[in-house]
Amino acid sequence: MEQSPRPAHCLVFPYPMQGHINPMHQFSKTLVSKGIKVTLVTTKFLSKSFQQLSGSMPVETISDGFEGGYASAESLEAYFSKFKKIGSETLTKLIEKLNATGFPVDCIVYDAMMTWVLDVVKSFGLVSAIFFTQSCAVDNIYYHVKKGLINVPVENRVSLSGLSVLEPLDMPSFVHNPGLYPGLLDIMVNQFSDIDKVDWVLCNTFYKLEEEVIEWMSKQLRLRAIGPTILRKCLNNQKTREDDTDNGLQMFKPNTDAYMNWLNEQQDHSVIYVSFGSLAELNAEQMQELAYGIKQSGKHFLWVVRASEEGKLPKGFVEETSAKGIVVQWCSQMEVLAHKALGCFVTHCGWNSTLEALCLGVPMVAVPIWTDQRTNAKFVADVWRMGVRVDTDKNGVFKGEIVGHCIREVMDGEKGKEVKTTSKKWMDMAREAVKEGGSSDISINEFVASLTQHYKS
């Protein structure tokens, strides 16, 4: 009997960090649903910390050159330098190993922060696809910096193609004040090194959300919007396989009963959810201001405070507010945002969190801390109009009473009525983008067709 042709085989290689892994993992599951064989690639160190793995998707590891990952490197520059050298060698060996199994590699989708992967891709003659995990607006800003069209540090208003006018504090922190973050601006700008040699540029956004900037960027690069890359059952209420219930490769041990049982006891739309992601840090003074704002709002709350940050909580805060809220070290964010008790999300505006709230129609109180979060917060409040942004001074410092005021405004005020209506609109548009025949689905189908064509040729 004639054997059926094998599917095209794609390696998906996220930067080894939770916020980069989750969207690329979700994108991988979409590729699998469309008939592509996907192998997820991560570092040996990071793979040891995964609490759950997708049963339908093999995971392979390479080395970044460090036994303890990034934390064991002497500096950021040292980590990236060694990762490039050792990563290139071990990724090459991995491809050679897979090519000998009967399922040779046809394509590598790699995180934009790891530009060195392109050299490995080209050495094997594979299809290359670079994956941007931040918004197209933020990518646009870094692209302009790379082209020398923005003077850094930014001290005046900036007007860019496809974007509204941005104040200095609306820019990514590495662009606004790069001196505070040595080496990071170079890493972000270098995402566009040799990008004209890449076959595909994929961005975790959707067309209607960033229409003008996507149109402009698509004229410069072969860019396609393929997001939002979040668990699709949460968008479309569709039934999923048992192994398709997770929202990512989690690095923390899930323990959902306590907070989910608590949420189930609360009234609809009565709870504020507070979380600043896996990386953003507040100093002790700002943590106390945030705690004061939460307490002053008078609302029930679920606050995620990582174990490393618990020592910054005001003394006695947990006990004093136990009748109103709970503090946990980790939670399943998508489950919480989808819960009927949720009224708003107090967020640092990391891109994953922003997309998740937007896709589930949850209004936001934006408290950006660093990196792309200020730009995301600008769009949440002033462009998409699905939340409010906490006012800060020129150094980004906020006051607790302002946080409390913003929470009450979104939960109870006239502004809240507006953002709830707008949030519903964006939720519907996100669902439209990823359903069969939607704009993001069409882009993914185009990408899948190209992989299949490359394999057959």
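## Exercises on a predicted model

Four bridges join strand β5 (residues 127-132) to β6, and the two strands run parallel. The model is predicted. Work through the exercises in order.

**Exercise 1. Describe strand β6 and its pairing with β7.**

*Solution.*
- Step 1. Start with the side chains. From β6 (residues 200-203), W200 and L202 point one way. V201 and C203 point the other way, and all are buried.
- Step 2. Find the residue opposite W200. A129 stands there.
- Step 3. Turn to β7 (residues 223-225). Three bridges pair this strand with β6 in the parallel sense. V201 has L223 in β7 as its bridge partner.
- Step 4. Follow the chain from β6 to β7. The path goes through helix α8 (residues 211-220), and this β-α-β crossover is right-handed.

**Exercise 2. In what order do the six strands of the open sheet stand, and which strands stand at its edges?**

*Solution.*
- Step 1. Write down the order: β10-β9-β8-β11-β12-β13. The pairing is parallel.
- Step 2. Look at the two ends. β10 (325-328) and β13 (387-389) each have a single partner strand, so one side of each lacks a neighbour in the sheet. These two are the edge strands.
- Step 3. Add the twist. From one strand to the next, the average is 15°.
- Step 4. Zoom in on one pair. β9 and β10 are joined by four bridges, in the parallel sense. V304 has V328 in β10 as its bridge partner.
- Step 5. Place the helices. Helix α10 (residues 257-264) lies across β8 (271-275), β9, β10 and β11 (342-347). Its direction is at about 160° to β9. Helix α15 (residues 373-383) packs on the sheet and touches β12 (364-366) and β13. The angle between α15 and β13 is about 130°.

**Exercise 3. How many disulfides are there, and what is the state of C10?**

*Solution.*
- Step 1. Recall the bond. A disulfide links the sulfur atoms of two cysteines covalently.
- Step 2. Give the count. There are zero disulfides.
- Step 3. Check C10. The nearest cysteine sulfur belongs to C107 and is 3.8 Å away. The cut-off is 2.5 Å. C10 is in no disulfide.
- Step 4. Classify by accessibility. C10 has a relative accessible area of 0%, so this residue is buried. C331, at 8%, also counts as buried because the limit is under 20%.

**Exercise 4. Which residue forms a salt bridge with K85, and which with K424?**

*Solution.*
- Step 1. Take K85. Its partner is E89, with the closest N and O atoms 3.2 Å apart. Both lie in helix α3 (residues 76-99), four residues apart, so about one helical turn separates them.
- Step 2. Compare exposure. K85 is exposed at 52%. E89 is partly exposed at 39%.
- Step 3. Take K424. Its partner is D428, and the closest N and O atoms are 2.8 Å apart. In helix α17 (residues 414-434) they are four residues apart, so about one helical turn lies between them. K424 is partly exposed at 42%, and D428 is partly exposed at 35%.
- Step 4. Add another pair. E432 forms a salt bridge with K435, at 3.3 Å between the closest N and O atoms. Salt bridges with shared partners also join R385, K415 and E418 into one network.
- Step 5. Give the total. The count is 18 salt bridges.

Terms used: Residues are numbered from 1 along each chain as its sequence is written. This is a predicted model: local features need pLDDT of at least 70, side-chain atom pairs count only at pLDDT 80 or more; totals for chains, interfaces and linings use all residues. Side-chain values use heavy atoms; hydrogens and water are left out. Buried means under 20% relative accessible area, exposed over 50%, partly exposed in between (1.4 Å probe, protein chains only). Two strands pair if DSSP finds at least two bridges between them. Axes are lines fitted to C-alpha atoms, for helices over the stretch in contact, and angles run from 0 to 180 degrees between N-to-C directions. Contact means heavy atoms within 4.5 Å. A crossover is right-handed if, with the strands pointing away from the viewer, the path from the first strand over the helix to the second runs clockwise. A salt bridge is a side-chain nitrogen of Lys or Arg within 4 Å of a carboxyl oxygen of Asp or Glu.
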